Amino acid sequence: FALSMAASTAMEEVAAVVAKEGGEIAKELAVALALPDDPPTMFKAPQDVIIRPLLRERVGPVCHPDYAQRLGLKQPADLAQARLLGTATRVHAWREWMDACGYRGEPLQPQDSFEHFYLQNQAAACGLGVAIAPEILVEGEIARGHLVAPFGFVDGPHELNLWIAPHLRSRPDVKRLANWI
């Protein structure tokens, strides 16, 4: 079976947990990274695969608390005065967030781009600007007070799914892992 989600370090975290907790079936785990708006890297589930939705990704702008206070980030329009951070693994993230939350202001474009979410999120935690990030990747930093989400999070266009091949679905270890996840 496979886990499918938009490319992000969350998949690395999920794969690590499955490898640790998933037992023997973890050896047969395939991690599929998919960007729906990027056909060259898109993975589609085979026709006969069993798809089990796990979570809908929630996204939002995040930054260091002092940065948010210094700029007075009270409403999304205030982002026009912020330094926006982006990531090469999700080049349309700001547009996706604007669409998801109904933002109608001037289009937001990142001024700086990083190779991975982790680097972008660390730059935001260091006060270098406002990143657009999946909640699942920043919830720990928010809990520790290193980041804030001044406008909260909204459901984005990406989701995490579990794909189970039909010939594996009756195996006890696959059932255990599917129920555990």
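Rings of Phe, Tyr and Trp (its six-membered ring) count as a pair when their centres lie within 6.5 Å, and planes over 60 degrees apart make the pair edge-to-face. Keep that handy for the exercises below, and remember that this is a predicted model.

**Exercise 1. Work out how many aromatic pairs the structure holds, and classify the one between Trp-94 and Trp-97.**

Step 1: Start with the count: there are two aromatic pairs in the structure.

Step 2: Now take Trp-94 and Trp-97, whose ring centres sit 6.0 Å apart with 85° between the planes. The limit for centres is 6.5 Å, and planes over 60 degrees apart are edge-to-face. So this pair goes down as edge-to-face.

Step 3: Look at the spacing along the chain. Trp-94 and Trp-97 are three residues apart in helix H3, so about one helical turn separates them. An α-helix has 3.6 residues a turn, so residues three or four places apart point the same way.

Step 4: Finish with the wider group: ring pairs join Trp-94, Trp-97 and Tyr-103 into a cluster.

**Exercise 2. Decide whether Trp-94, Trp-97 and Tyr-103 are buried or exposed.**

Step 1: The cut-off you need is under 20% relative accessible area for buried.

Step 2: Trp-94 comes in at 3% relative accessibility, so it is buried. Trp-97 is at 2%, so it is buried too.

Step 3: Tyr-103 has a relative accessible area of 11%, so this residue also counts as buried.

**Exercise 3. Find where Tyr-103 is placed and what it is in contact with.**

Step 1: Walk off the end of H3. Just after this helix, Gly-102 has a positive phi of about 80°. Tyr-103 is in the loop between H3 and strand E5 (112–114).

Step 2: Skip the neighbours within four places in sequence, and the contacts of Tyr-103 are Pro-76, Ala-77, Met-98 and Leu-108.

Step 3: Check one of those partners along the chain. Ala-77 is 26 residues from Tyr-103 in sequence, yet their C-alpha atoms are separated by 8.2 Å.

Step 4: Don't forget the polar side. A polar atom of the Tyr-103 side chain lies 3.1 Å from the backbone oxygen of Glu-106.

**Exercise 4. Trace what helix H3 packs against and what it gives to the largest nonpolar core.**

Step 1: List the buried residues of H3 (residues 93–101): Ala-93, Trp-94, Glu-96, Trp-97 and Met-98.

Step 2: Those buried residues pack against four strands, namely E3 (50–62), E4 (84–87), E6 (130–134) and E7 (154–164).

Step 3: Turn to the largest nonpolar core, which has 17 residues. Touching the most other members are Leu-73, Leu-79, Leu-84, Trp-94, Trp-97, Leu-108 and Val-130. Two or more residues apiece come from helix H2 (65–71), H3 and E6, and H3 gives the largest share, four residues.

Step 4: Zoom in on a core member. Residues up to four places away aside, Leu-73 touches Cys-63, Ala-68, Asp-78, Leu-79, Val-130, Pro-150 and Phe-151. Another core, of ten residues, lies apart from the largest one and includes Ala-123, Ala-125, Ala-131 and Phe-153.

**Exercise 5. Put the pieces into the whole chain: which elements does it have, and in what order do they run?**

Step 1: Count the elements: six helices and seven strands.

Step 2: Read them from the N terminus: β-α-β-β-α-β-α-β-α-β-α-β-α.

Step 3: Add the overall figures. Of the 181 residues, 43% are buried. The chain exposes about 9700 Å², with carbon and sulfur atoms supplying 53% of that area.

Technical notes: Residues numbered from 1 in each chain as written. Predicted model: local features only at pLDDT ≥ 70, side-chain atom pairs only at ≥ 80, totals over all residues. Heavy atoms only, no water. Buried < 20%, exposed > 50% of the residue type's maximum accessible area, 1.4 Å probe, protein only. Contact = heavy atoms within 4.5 Å. Polar contact = N/O pair within 3.5 Å; in protein donor to acceptor, adjacent residues only side chain to side chain. Areas by Shrake-Rupley, 256 points an atom, 1.4 Å probe, with all protein chains shown as cover. Core = buried A, V, L, I, M, F, W, Y, C linked by side-chain atoms within 4.5 Å. Phe/Tyr/Trp six-rings, centres within 6.5 Å; stacked < 30°, edge-to-face > 60°.
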